[in-house]
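Okay, thanks for making the time, everyone. I'd like to walk you through one structure today, so let me put it on the screen.

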Amino acid sequence: MKKNQIEISGLRLTIFTKKTPVFIRIVLTLFLSILTLIPLAATFFVLIYGDGPHIGIVFSFILCWGVGFYLLRITLWNSVGREVLNLEAKRISYMTDYRLFKDRRQEISTTDLETEIIYEDEPNNPVGRLRLKNNTAVIETVIQVKIAELEELKKEIKTRYNKGG
């Protein structure tokens with residue numbers, strides 16, 4: 001089943017982010033490039049025109065590259081981000097995928113599994129998120145999807161595990 005944002009193939013369920021406009025991605029990439037180059041340029045100028053190595057160089061690398069790493073995550077999420085759920089017989093595993101790295105790994109047992117839709121308040125745009133829960137764990141997706149797609153997904157999970165809320 002392939003929809004606008006949801007794809008189910010075998011045991012793998014993938015929810016894709018809606019890509020942000022190209023202009024915003026270009027601006028984010030430009031800022032990311034600038035943050036990468038600032039400490040390199042500062043190091044060059046301090047070593048050529050300054051008194052030699054300085055502790056401020058280390059701080060500039062930590063600050064600029066720390067912010068740059070966070071900006072890289074935002075850029076990747078807005079370009080190629082997706083949430084992946086592996087629907088196995090006894091458990092469901094969840095992770096966010098930024099293509100270069102993966103994050104938020106979680107697992108939930110399918111025993112007493114309930115599936116809910118979390119409705120988001122968006123005027124003229126009925127969207128929501130998916131919540132899977134049992135007696136011990138909860139997994140909530142982050143990406144907002146149209147309610148109609150989530151209803152189909154909820155039915156799919158319910159029929160797979162013969163339970164659900």
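Let's start at one residue and work outwards: find L35, which sits in helix α1. One thing to keep in mind as we go is that this is a predicted model.

So what does L35 touch, once you skip residues up to four places away in sequence? The answer is C64, W65, V67, G68 and L71. You can also put a distance on it: L35 and S60 are 25 residues apart along the sequence, and their C-alpha atoms are 9.7 Å apart in space.

Zoom out a little and you see the two helices. Helix α1 covers residues 22-49 and helix α2 covers residues 55-80, and their axes come within 9 Å of each other. How do they cross? At roughly 165°, and since anything over 145 counts as roughly antiparallel, α1 and α2 are therefore roughly antiparallel to each other. The crossing is left-handed, by the way. As for what lines that contact between α1 and α2, the residues split into 16 nonpolar, eight polar and one charged.

Okay, on to the sheet. It's an open one with five strands, in the order β1-β2-β3-β4-β5, and the pairing is antiparallel. Which strands stand at the edges? Those are β1, residues 6-9, and β5, residues 102-109; each has a single partner strand, so one side of each is left without a neighbour in the sheet. On average, neighbouring strands here are turned by 15° against each other, if you ignore direction.

Let me go through a couple of those pairings. β1 and β2 run antiparallel and are joined by four bridges; for instance, E7 has T14 in β2 as its bridge partner. These two strands make a hairpin with two residues between them, and in the turn you'll find G10, with a positive phi of about 65°. Next along, β2, residues 12-16, pairs with β3, residues 82-87, again in the antiparallel sense, over five bridges. There, L13 stands opposite L85 in β3.

And what lies across the sheet? Helix α3, residues 147-161, lies across β1, β2, β3 and β4, and runs at about 25° to β1.

Last bit, the whole thing. In total the protein has three helices and nine strands, and from the N terminus on they go β-β-α-α-β-β-β-β-β-β-β-α. Now, how does the overall size look against a compact globule of 165 residues? Such a globule would have a radius of gyration near 15 Å, but this protein has 21 Å. Along the principal axes, the C-alpha atoms fill a box of roughly 70 × 35 × 30 Å.

That's my tour, so over to you.

How values were computed:
Residues are numbered from 1 along each chain as its sequence is written. This is a predicted model: local features need pLDDT of at least 70, side-chain atom pairs count only at pLDDT 80 or more; totals for chains, interfaces and linings use all residues. Side-chain values use heavy atoms; hydrogens and water are left out. Axes are lines fitted to C-alpha atoms, for helices over the stretch in contact, and angles run from 0 to 180 degrees between N-to-C directions. Angles under 35 degrees count as roughly parallel, over 145 as roughly antiparallel, 65 to 115 as roughly perpendicular and the rest as oblique. A crossing is left-handed if the near helix is turned anticlockwise from the far one by less than a right angle, and right-handed if clockwise. Ala, Val, Leu, Ile, Met, Phe, Trp, Tyr, Cys and Pro count as nonpolar, Asp, Glu, Lys and Arg as charged, and the others, Gly among them, as polar. Two strands pair if DSSP finds at least two bridges between them. Contact means heavy atoms within 4.5 Å. The radius of gyration is taken over C-alpha atoms; the globule rule is 2.2 Å times the number of residues to the power 0.38.
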